[in-house]
Every structure is written in C-alpha cells, then in structure tokens.
Amino acid sequence: MGLYDRIFKPAVSRRRFLQATAASGAAASLVGGQTLRETQAQATPAAKPETKITKNICHQCPARCGIDVYTTDGRVHAIYGNTDHPIANGKLCPKGPLGTYILYDPDRFKGPMKRTNPKKGRNEDPKFVPITWDEALQTVADRLQALRDKGESHRFALCYGRGWGASCAGLQGTFGALYGSPNVAIGHSSMCSDGSIKSKQATDGNGSYNAYDYRNTNYLLMFGCGFLEAFRPYNYLMQVWGYIRGEKSPKTRVTAVDVHMNTTMAASDRALLIKPGTDGALALAIAHYILVNGLWEKTFVGDFKDGVNRFKAGQTVDPALFDEKWVKGLVEWWNVELKDRTPQWASEITTILERDIVATAREFGTTRPALAIFERGVHAHSNGIYNGMAVHSLNALVGSLFAKGGMMYQMGPSYGPMPVDAADYMDDYAKNGPWKSQPRIDLKGHEDGYLLANNMLQEVGPNSLAGKPYKLDTIMFYLTNPVWTAPNGQEWEKALAELFVIDTSPFPGETAMMADLILPDHTYLERLQDAPTYPFEGWPMAQLRVPAIKPLYDTKYYGDVLIEIGKRMKGPMGEYYKALKDTENVIRHLAKGFEKDPGDNGVKDFESWKEKGVWYKKPYLWQQRGGEFYEWDGKAYAKPMTPDEVKAKLLKTPSGKFEFRSGWLEAKADWIAAKTGRDKAKLMFPHWEEPTHPGGGDLYVVTPKVALHAEGRGGNIPIAISLLQPTMGGRDQVYIEIHPETARKRGIADGDRVRIKSSVGAIEGHCRYFEGVRPDTLVFPMEHGHWAQGRWAKGRGPGHCGEVTVNQSDRITGQCNYYTTKVTIEKA
Ligand SMILES: Nc1nc2c(c(=O)[nH]1)N[C@H]1C(S)=C(S)[C@@H](COP(=O)(O)OP(=O)(O)OC[C@H]3O[C@@H](n4cnc5c(=O)[nH]c(N)nc54)[C@H](O)[C@@H]3O)O[C@H]1N2
Ligand SMILES: Nc1nc2c(c(=O)[nH]1)N[C@H]1C(S)=C(S)[C@@H](COP(=O)(O)OP(=O)(O)OC[C@H]3O[C@@H](n4cnc5c(=O)[nH]c(N)nc54)[C@H](O)[C@@H]3O)O[C@H]1N2
Ligand code: SF4
Ligand SMILES: [Mo]
C-alpha cells in the first residue's frame with residue numbers, strides 16, 4: 001500500500017460511509033443490503049481508474065488558450081494550460097480552470113425544449129417542456145421551408161457572436177446562400193471591435209485585428225485597451241508582460257491612456273487619464289510633435305527631398321518637396337489637419353497636461369521599435385474611426401508595420417477544402433429568388449444604412465420591431481445574447497416577443513428566456529470543434545477541441561444542428577447537407593491540408609491534430625526592415641519583395657502604401673458627407689472630430705471588462721462571482737467608481753445606493769469613492785445585472801449597464817458607441 005493509500009484511503013472511505021449511513025438514517029452497518037466489509041472492499045478497488053488527458057481550447061474569452069482536460073472515471077476534474085500550446089505555454093488566466101463549472105452547471109438545458117407559455121417577457125416563465133431532437137429539428141425545417149415556399153426566406157435571420165471554426169459559424173454563410181436569406185448570418189462584430197478593424201481597413205487596407213511582436217518591442221503606447229484585464233490574447237499578454245517588464249533588456253517602457261486607474265495603468269510607467277472620446281486628439285498631437293521634431297522613420301515614411309524639415313506648427317508645406325516611400329498623403333494630412341494639432345491644443349481637448357503629451361511623444365518618437373495599440377476605449381465612440389486611424393498612423397510614422405518588434409496580420413491555417421462544393425447545389429431560388437432584392441435586416445451594406453459596415457447586430461432587434469426595412473418571422477441565435485449585451489436591450493425584449501425565437505445556448509441566458517425553441521449545444525468540453533487562432537504573432541495556427549467526455553445530456557453540437565436542419569430541407573439544399581454528412585467529416589477534411597503542410601509540432605493529419613490539439617507553423621513569412629520588404633526564403637527574411645508583392649500580400653490599400661489619405665474612405669466620400677455631414681475635404685484623413693454624447697446626462701459612463709469576467713459566458717460561475725465581488729459588488733449590487741468631488745457635489749456619500757439615468761433607462765448601484773477615476777466619468781464593470789443565465793447569475797442587481805446605454809453607432813464603421821452615453825446620478 002502506497003503512502004497516499006495508507007494515509008487517506010481507509011479513513012476516507014470509512015468516514016464517508018458512516019456519514020452516508022448517518023445522513024440517510026440507515027441501519028448501522030447495512031447500505032442497500034451490503035455489509036460494511038463489502039462496501040469497503042469496493043471502495044478500495046484493485047484497478048485504479050485511469051486519468052485521461054484530452055486537448056481542448058478554453059471557451060471563456062477569445063484568447064483561445066490550449067487546455068489539457070483531466071478526466072478520471074468519466075468525470076472532468078481539472079483543467080490546466082497545455083504546455084505545448086504557443087498561447088497557453090502551460091498557463092491559464094484565472095478563468096481557464098473554471099471550465100468544469102461550465103460543464104457541470106446544474107442549470108444547463110438537458111435537451112431540446114419548446115416553450116409552452118405564449119407570453120414573453122422578463123417576468124414570464126417560458127414553461128419549457130422537453131421534446132425530441134427529431135421534433136425540434138423538424139419544427140425549424142418546416143418553418144424555414146414554409147417561408148421559402150412563400151418567397152419570404154429573408155425573414156429568417158441567424159445571429160451569432162463568438163465565431164469559432166469551419167465546423168460551426170463557418171457553415172452559416174453556405175446555409176444562407178443555399179437557403180436564400182441575406183440575414184444568414186449576422187455577427188456581433190459591430191458590438192465588439194469593428195471600430196478597430198475599420199480604422200485599419202481605412203489606413204493599411206487590412207480589415208482585421210493586428211498580430212503583434214510584443215517580445216521585441218521597446219515601447220508600448222496603449223490607448224483604451226485593458227492589456228492586463230482584457231484585450232487579446234489575455235493570458236499570453238500577462239506572460240508577455242512578465243517578460244518585457246522583467247527579463248527583457250532594455251525593459252519595455254509603457255504609457256497607458258485610460259479613463260480610470262485600472263490594473264494596466266497601475267502597472268505602467270506613465271498613466272494618462274484622458275477625457276472620454278478624445279484619444280484621437282492625443283494621437284494627432286503626438287503625430288504633430290513627431291513631424292515638427294523630425295522624429296519620423298525616414299526609411300519607411302520618406303523624407304524631404306533636400307533633407308530639410310519644413311514641418312512647423314501652423315505652416316503649410318508644399319507636397320512636391322516631400323518624397324513619400326511607403327505612405328500616402330503625409331503632407332496633405334499635415335496641411336489639412338496636423339499643422340494645428342499642437343500638444344497645447346490637445347491638452348485643452350483631452351485635459352492631459354501638455355508636459356505629459358510632449359514627454360510621451362518624445363519617448364514614442366525616439367524609441368524603436370515602438371507600438372501604438374488601441375481597442376474599445378478608443379473606437380467605441382461616435383468619432384471612433386478617426387480616433388483609431390490617428391492612433392494607427394503613429395505606427396506608420398515610426399515604421400513599425402511588419403517590422404521586428406512591430407505589428408503584422410494573422411495568417412490563416414493550411415486547411416484542406418470542404419468535402420462538398422456548395423456551388424453544385426444551388427437551385428433557382430438560391431440563385432435568383434426574391435430574397436436577392438431584399439436588404440439585410442440590419443441595413444449593413446445599404447445606402448440608407450451602414451454601407452461600409454461588416455455587421456449591425458445591434459440594429460436587428462430594433463429594426464424588426466419597427467418593421468424597417470421589414471419584420472422578421474424567425475430568428476436563431478448562436479453564441480450571442482443581445483438581450484443582455486446589446487445597448488438598450490429592452491428593445492430586444494420587445495422585438496423578440498413578436499418573433500419565433502430559437503436559441504442554441506446550453507445555458508438559460510436572457511435571450512434563451514425569450515425563446516420558443518431551445519436546441520442546446522454541447523459545452524466546449526463535450527464537443528469536437530476546430531478554431532483558427534485569433535490574431536497572435538502572425539504565423540498560422542489551428543486548434544482543435546477534443547471531447548473530454550461523452551455529452552452529459554441530450555445536447556447536439558451547433559454545427560450538426562445546422563447540418564441536420566439542412567438535411568430536412570427540400571431540393572438540392574437537402575442533398576448538399578446529406579453529402580456533407582456531419583461536422584466530423586468537415587473537420588477531417590480540414591485536417592487533410594496538414595498532410596501536405598505538417599505543423600512544427602509534427603501534426604500531419606486528423607489523428608495527430610487530436611493528439612496535440614494544435615497545428616502551427618512558424619515563422620511569419622514577411623518582414624519590413626529599414627524601409628525594405630522581405631519574404632522568408634526558408635532560412636531568413638532575405639528575398640526582396642517588389643511593390644506589387646507588398647500590395648498583394650501586406651499593404652492592401654488602393655495605393656499599396658499606408659494611407660494617411662484613405663482611398664477606401666475617399667471612394668465613398670459623397671455618401672459619407674451626405675449621410676454624416678462630415679467635411680469632404682477632411683473625411684479621408686485622421687482628424688479631430690468632437691464626439692457626440694447621447695443620453696441627456698452630465699457624466700460619462702464606461703463599463704469595461706475585468707479579468708474574471710468572461711463576456712456573457714461566466715455569469716453563472718459562483719467562484720468567479722465571489723472573486724469578482726470586491727470589484728463588482730455582491731448580490732443586488734454593483735459598485736460604481738465615482739470621484740469623491742463629483743459625489744460630494746451631489747450629496748452622495750461613499751457607499752450610498754444611487755440611481756443612474758439616461759434617456760433610455762435607469763439602473764441602480766452603490767457608489768464607491770475612488771480618486772483614480774476622472775471626475776467627469778463613472779466606471780463600473782460590464783459583468784453585473786443578469787436577470788437570467790442560471791441560479792447564481794440571475795437576480796444580481798437592479799439592471800445591467802446595457803439598459804442605460806443608448807444604441808448609437810457610427811455610420812462608417814457600424815461600431816456601437818458603448819462608451820459614449822452620458823448619464824445623471826442621484827441618491828436612490
Ligand atoms: N477578461 C476578459 N477579457 C476579454 C473579454 C472578456 O469578456 N473578459 N472579451 C474579449 C473581447 S470580446 C474584446 S472585444 C476585448 C476588448 O478589449 P478592450 O477593448 O481592451 O476592453 P474594454 O474593457 O471594452 O475597454 C478597454 C478600456 O477602455 C477604457 N475606456 C473607455 N472609454 C475610453 C476613452 O474614451 N479613452 C480611453 N483611452 N479609454 C477608454 C475602459 O476604461 C477600459 O479600460 O477583450 C477581450 N478580452
Ligand atoms: N456595457 C457593455 N456592453 C458590452 C461590452 C462592454 O464592454 N460593456 N462588450 C461588448 C463586446 S466587446 C462583446 S464581444 C459583446 C459580447 O456579447 P454577445 O455577443 O452577446 O456574447 P456573450 O455575452 O458571450 O453571449 C454568449 C451567449 O452564448 C451562450 N453560450 C455560452 N456558451 C455557449 C456554447 O458553448 N454554445 C452556444 N451555442 N452558446 C453558448 C451564453 O449562454 C450566452 O447567452 O458584448 C458587448 N457588450
Ligand atoms: S485568457 Fe481567455 S481563453 Fe485563456 S484561459 Fe483565460 S479565459 Fe480562457
Ligand atoms: Mo468583443
């Protein structure tokens with residue numbers, strides 16, 4: 001008997017046995033007819049159950065950390081970071097190990113359900129009753145077929161949030177094309193970070209998030225991003241932080257720009273508390289300083305032909321005197337905008353001391369490589385695109401695009417093609433049905449709506465409610481919960497009350513409470529699912545979720561739900577899905593790509609992918625060095641690239657250069673000017689635009705993410721809630737950071753219960769005096785105020801911040817302006 005067994009085994013099993021018999025009041029030594037000796041013999045089995053480790057990807061935020069899932073005797077009991085996974089490196093953030101709570105969440109839907117209470121609302125019990133999968137899938141197929149037969153297939157919308165891979169969200173586009181609806185599928189990107197994607201589209205031509213070479217950068221200038229609490233990939237950022245701020249020499253200097261003292265700011269060298277919505281002004285002043293002081297990277301940007309710097313505050317410059325290299329429109333930008341954007345000017349707009357602006361600009365302009373990064377704090381405002389373009393332009397000025405220690409774009413994995421080609425299964429209706437002339441319900445891509453946006457999920461509910469452009473009939477949700485996460489979610493409650501609603505969430509979230517049909521997904525530990533990486537270090541990576549156990553309940557992987565609905569449709573669409581078979585078939589075909597292009601870790605087919613959980617291939621293929629672009633030749637970045645190659649592969653703008661004068665915006669200048677009233681002479685340049693603040697109040701309200709918050713997916717994890725309590729507050733509470741001066745002026749004492757009001761709603765919370773928040777701004781975390789999502793999540797506090805957030809979006813990017821509403825605060 002080993003030490004462990006001697007110490008623990010007999011005592012434990014005997015004590016448990018006694019507890020069990022005492023609790024059940026059973027006769028002294030008999031349990032279910034067994035004697036004590038028999039029971040003990042079973043409790044010390046001869047063969048110990050084996051612990052199995054399966055590979056998976058954490059599902060709680062978009063970082064996509066590789067995880068090792070430990071299962072013994074059919075129970076998942078531990079989750080660790082996968083040591084061979086390049087993002088996780090054996091580590092996880094505090095949320096990662098909590099996945100077991102998601103799997104064993106007692107409030108999960110146990111199988112497909114239908115609503116029996118026709119009334120819908122926050123206080124209506126849906127009275128779900130179990131049904132079979134066959135009934136559930138046939139109900140959906142019949143509804144969809146009936147709409148199609150009437151020529152109204154556009155009245156079916158499919159909305160999704162976190163897209164994962166080809167075997168789930170990746171199937172949706174084809175479903176929409178074969179079925180015939182412009183509304184399949186509508187993603188949540190406009191509620192997330194389209195503001196940054198579009199700022200980059202406008203300037204460097206890549207409509208995507210950047211990948212970053214943090215390990216080699218010497219300066220990080222961070223605008224409105226929670227580097228140490230959110231951003232992406234969060235877990236890896238914490239690892240990087242340890243390196244760049246500890247081991248690395250020289251230590252990377254960090255300036256953080258935010259509206260309150262968060263973890264990131266507290267850990268930085270310089271903290272700039274900026275007035276909300278004014279980051280663009282700060283970035284423009286930094287650009288101004290860099291030009292006036294001749295600090296731009298000449299090898300990338302170019303220079304005056306005679307080498308004499310003519311950038312002087314307030315003075316225009318003749319563009320003919322400047323030779324541009326990889327940028328377009330620098331001197332024009334200077335003339336229409338930058339020449340007047342002095343640090344002194346920006347100081348008035350941003351409330352940051354001129355001295356601090358100058359010091360930041362000097363450091364940023366003289367340290368190479370340097371990175372300027374930004375996220376929602378910058379772009380979730382009415383002027384977000386111009387703030388974002390101004391910040392991103394700083395990267396071009398110091399030459400960090402595609403440079404070592406700079407930024408690049410994420411490459412995709414070498415997947416094999418889909419098993420079946422959907423183009424062979426398009427009937428006449430799919431090709432030319434009446435749906436073709438219908439606008440999207442969210443008016444994405446429409447002259448009267450959001451011509452240049454990617455998605456407008458926040459408009460779907462309100463537009464259907466208003467019948468503009470039409471009313472939907474049926475709406476399905478995958479991994480999104482807009483009733484709780486959208487601005488002014490109250491509108492969504494009304495909208496969904498009149499539609500047939502299908503939710504695929506395994507959990508009883510707010511949107512699920514409005515559903516007519518629940519088709520519950522497996523949780524992530526129970527399903528086989530592929531996912532390419534979110535932007536990381538540029539080189540391609542593809543991960544796999546391998547089920548750790550058989551599904552606990554009668555659930556079905558969302559990808560297979562789509563395929564099974566498809567199979568039940570008439571005509572070629574049904575044939576396509578029969579040929580596609582199932583999601584495992586899709587994933588096996590993806591893996592065929594690895595046969596020709598094995599990963600660095602030896603992954604070369606489906607089986608080895610399952611074993612390792614990740615395929616990846618280093619290095620990133622391109623590098624810009626000293627103003628020249630090179631391709632990897634197998635040993636080094638040594639193969640020079642022509643300007644045409646650079647344009648095709650890296651700087652995908654009309655000019656093939658970084659465009660301070662955006663060709664993308666200029667092409668739509670008439671539309672932008674007509675719809676937004678923006679100045680046609682300026683709208684293609686990063687420029688200062690006064691933000692607009694709806695809501696009718698006098699204080700800004702900002703609701704950032706905190707480390708333990710996992711979008712809407714962690715709301716019912718009791719341990720996460722209790723760990724959040726010191727920052728968030730407990731049941732029926734949310735702590736609101738308020739500057740003591742602001743509070744005292746309104747007669748509000750520390751700890752008082754308060755009411756926050758805007759033109760769309762009111763919520764309550766408790767004030768906390770905090771000197772680290774701006775006096776004009778209230779801050780509280782997004783994660784609070786669920787009214788559904790499970791027993792621990794619901795009933796938390798009177799209202800969610802979304803209920804006071806006005807649904808306002810930028811016409812160019814479509815980005816929802818979450819951080820732009822102004823509210824009033826009073827004692828409750
Ligand atoms: N822990 C955790 N991490 C996550 C997620 C999560 O749910 N939890 N979600 C992921 C997702 S989906 C996303 S999109 C990213 C988002 O990542 P971030 O954009 O980094 O996250 P946010 O918390 O929305 O906003 C960032 C910061 O902007 C600040 N801010 C607000 N207004 C302004 C302003 O006008 N100027 C400046 N300078 N700052 C301002 C806020 O105080 C906040 O600190 O995070 C990802 N990472
Ligand atoms: N006030 C405020 N609002 C915000 C933000 C903020 O910072 N402040 N952040 C915004 C941002 S950046 C984003 S990205 C959005 C996110 O908002 P959403 O797009 O709504 O995404 P989640 O909140 O993650 O919602 C996920 C839903 O999917 C369900 N779900 C969980 N796991 C699974 C699964 O395995 N399968 C399926 N099928 N369903 C599952 C959950 O129960 C939940 O209902 O919120 C935005 N809203
Ligand atoms: S950073 Fe995100 S993906 Fe990684 S362990 Fe934390 S919650 Fe999971
Ligand atoms: Mo997001």
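Reader: How many residue pairs are in polar contact across the interface of domain 2 and domain 3?
Author: Let's begin with the ground rules: this is a predicted model, where local features need pLDDT of at least 70, side-chain atom pairs count only at pLDDT 80 or more, and totals for chains, interfaces and linings use all residues. A polar contact is a pair of N or O atoms within 3.5 Å; within protein, one must be able to donate a hydrogen and the other to accept it, and residues adjacent in sequence count only if both atoms are side-chain atoms. With both residues at pLDDT 80 or more, the number of pairs found across this interface is one.

Reader: Which residue forms a salt bridge with K675?
Author: Residues are numbered from 1 along each chain as its sequence is written, chains are lettered from A and ligands numbered from 1 in the order in which they are written, and side-chain values use heavy atoms, with hydrogens and water left out. A salt bridge here is a side-chain nitrogen of Lys or Arg within 4 Å of a carboxyl oxygen of Asp or Glu, and the count between domain 2 and domain 3 is one. For K675, the closest N and O atoms are 3.5 Å apart, and the partner is D448.

Reader: Where do the bounds of domain 2 fall, and how far apart are the C-alpha centres of domain 2 and domain 3?
Author: The bounds come from an automatic or database domain assignment. Domain 2 takes in 141-190 + 419-527 + 551-612, while domain 3 takes in 210-409 + 654-676. Their contact (heavy atoms within 4.5 Å) takes seven residues from domain 2 and five from domain 3. The C-alpha centres of the two lie apart by 37 Å.

Reader: Which three residues supply 87% of the area that domain 2 buries against domain 3?
Author: Buried area is the accessible area (1.4 Å probe) that two parts lose on being put together, summed over both. Between these domains the buried area is about 490 Å², with carbon and sulfur atoms giving 73%. On the side of domain 2, more than any other three residues, the 87% comes from E447, L451 and L452.

Reader: Why does ligand 2 lie between two domains, and which are they?
Author: A good one to check on screen: the shell has 28 residues, each with a heavy atom within 4 Å of the ligand, and H188, T480, T485, G712 and R713 come nearest. An oxygen atom of ligand 2 is 2.6 Å from an N or O atom in the side chain of T485, and a nitrogen atom is 3.4 Å from one in the side chain of Y818. The protein covers 98% of the 920 Å² of accessible area that ligand 2 has on its own (Shrake-Rupley method, 1.4 Å probe). Ligand 2 lies between two domains because both give residues to its shell: domain 2 and domain 4.

Reader: How much of the accessible area of ligand 1 does the protein cover?
Author: Around ligand 1 are 34 residues, and G226, D258, D279, H709 and Y819 are the closest. A backbone N or O atom of V257 lies 3.1 Å from a nitrogen atom of ligand 1, and an oxygen atom of the ligand is 2.7 Å from a polar backbone atom of E711. Of the 920 Å² that ligand 1 has on its own, the protein covers 99%.
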